[in-house]
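Got the viewer up and a selection box ready? Let's take a walk through this one, stop by stop.

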Amino acid sequence: MDSKADNIVLYDWLSFTSKIHTPEQIIDALGLSHVPWTNTKGAKGYQDRKYFSCISIHYNGRPDMGVWCEMSGQGCRTFETLSTLETDAMKKWRKLFDFIRSFGLKITRLDVAYDDHSGILDVGEVSRDTQCGMYVSKSDYWECIVSSKGTSIQIGSSQSKVLVRIYDKAAERGKQGEHWNRVEIQMRDDRAIQFSMIPLPIGEAFAGVLLNYLRFVEPDTDSNKWRWPMKDYWYNLVEDAERISIYTAPGMEYNEERCKRYVVNQAGNAIDACIQMYGLYEFERMIQEREVAPNPKYERLINQHRFDVLCQKVERLFGEKRNTVFDAGALALQQNCVT
């Protein structure tokens, strides 16, 4: 990632339930029938679950529970990257929301987040203003938490149909020296459905909903606190979010180091045993001829590694530094040039 990434607005959590679809039909509606799903134990009253890359399809609960689809933040990135519904990420979301609405399915949670990488927000200042009451909101519940994972602010209770979280994402991820603050709107039930129906670019929709539920304000003589002028940082945030009209999917977070750690630390003993029993040549043949379907996230990882190697080669030949962050456009160019 560049030292200063672009500010973005993105879908960061989706869960919904259906009482009329099978798990396989939900998977097909996601456009993910081609990926290798794992069968595992369900949660929250469901006996079984189909799982792939942070997307869970829970089933076999009570007759009235139906099927529950849950996509975490990384599951949303998986959907955007690998779904075959459309080629454009925003169109994939529209098609999925159309499916949900057309069958009257229930959205139990939808998170839309704004990521500030440019320095608009100071989470410490937002926390102080919250505690001093320098804001207006449709909820009277607030909390501020300071921990080793940074500072977080929540406006609205966990039972609310709409709540707003503001927190230091860089501190949460352990990214020292990086500015990455997140403003997250979490919606449930009819509020989530209503957001999915807003006929505006995602940035405008986010900014509009945020303004309706929360504003940080400067003291004024007006008796109506909602008419008090907004804090400069809140004005700048809303203005910046509103202008984000082109949806750019950030991509799946899976890297070479994580892959190596998994193979060495978790599967290393089994791999070592197989090599000692069958020999390296036979083990390689077994891997190449395995019956398990290829996982697209590993194929992307291999392509990213090839791209990094190419950049290093160019650097040696021309003496110029190249950005080795994965870029889909550059990768496509690379693949088209390789025979």
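Select strand 3 (residues 48–52) together with strand 4: the two run antiparallel and are joined by five bridges. Keep in mind as you click around that this is a predicted model. For a landmark on this pair, pick Lys50, which stands opposite Ile57 in strand 4. Then look at the turn: two residues sit between the strands of this hairpin, and Ser53 takes a positive phi near 45° there.

Now keep strand 4 alone and show its side chains. Which residues point which way? Ile55, Ile57 and Tyr59 go to one side, Ser56 and His58 go to the other, and all are buried. With five of its five residues buried, strand 4 is largely enclosed by the rest of the structure; the cut-off for buried is under 20% relative accessible area.

Next, add the neighbour, strand 5. Strand 4 and strand 5 run antiparallel and are joined by four bridges. Ile55 has Met71 as its bridge partner in strand 5. Between strand 4 (55–59) and strand 5 (67–71) there is a loop, and Asn60 lies in it. Check the backbone of Asn60: phi is positive, about 60°, although the residue is not a glycine. Is Asn60 buried or partly exposed? It counts as partly exposed, at 41% relative accessibility.

Time to zoom out. These strands belong to an open, antiparallel sheet of ten strands, in the order 2-3-4-5-1-6-11-10-9-8. Colour strand 2 (38–41) and strand 8 (142–147) to mark the edges, where each strand pairs on one side only. Direction ignored, neighbouring strands of this sheet are turned by 20° against each other on average. Partway along the order, select strand 1 (residues 8–18) and strand 6 (residues 106–116), which pair in the antiparallel sense over nine bridges. One place to look on that pair is Val9, whose bridge partner in strand 6 is Tyr114.

From the sheet, go to helix 4 (residues 123–131). This helix lies across strand 8, strand 9 (150–155), strand 10 (162–168) and strand 11 (181–187), and it runs at about 40° to strand 9.

Now for some helix pairs. Pick helix 3 (residues 89–102) and helix 6 (residues 189–197): their axes are 10 Å apart and they pack at an angle of about 130°. That angle makes helix 3 oblique to helix 6. The crossing of the two is left-handed. Show sticks for Phe97, Ile100 and Arg101 of helix 3 and for Ile193, Ser196 and Met197 of helix 6, which make the contact. Sorted by class, the contact of helix 3 with helix 6 has four nonpolar residues, one polar and one charged.

While helix 6 is selected, click Asp189, which is placed in this helix. Asp189 has a positive phi near 50° without being a glycine. Its relative accessible area is 26%, so Asp189 is partly exposed.

Last stop: helix 10 (residues 268–278) and helix 11 (residues 280–288), which pack at about 120° with their axes 7 Å apart. Helix 10 and helix 11 are therefore oblique to each other, and their crossing is right-handed. Select Ile271, Cys274, Ile275 and Tyr278 in helix 10, then Leu280, Glu282, Phe283 and Met286 in helix 11, to see where the two helices meet. What classes of residue make the contact of helix 10 with helix 11? The split is seven nonpolar, no polar and one charged.

Note on methods: Residues are numbered from 1 along each chain as its sequence is written. This is a predicted model: local features need pLDDT of at least 70, side-chain atom pairs count only at pLDDT 80 or more; totals for chains, interfaces and linings use all residues. Side-chain values use heavy atoms; hydrogens and water are left out. Axes are lines fitted to C-alpha atoms, for helices over the stretch in contact, and angles run from 0 to 180 degrees between N-to-C directions. Angles under 35 degrees count as roughly parallel, over 145 as roughly antiparallel, 65 to 115 as roughly perpendicular and the rest as oblique. A crossing is left-handed if the near helix is turned anticlockwise from the far one by less than a right angle, and right-handed if clockwise. Contact means heavy atoms within 4.5 Å. Ala, Val, Leu, Ile, Met, Phe, Trp, Tyr, Cys and Pro count as nonpolar, Asp, Glu, Lys and Arg as charged, and the others, Gly among them, as polar. Buried means under 20% relative accessible area, exposed over 50%, partly exposed in between (1.4 Å probe, protein chains only). Two strands pair if DSSP finds at least two bridges between them.
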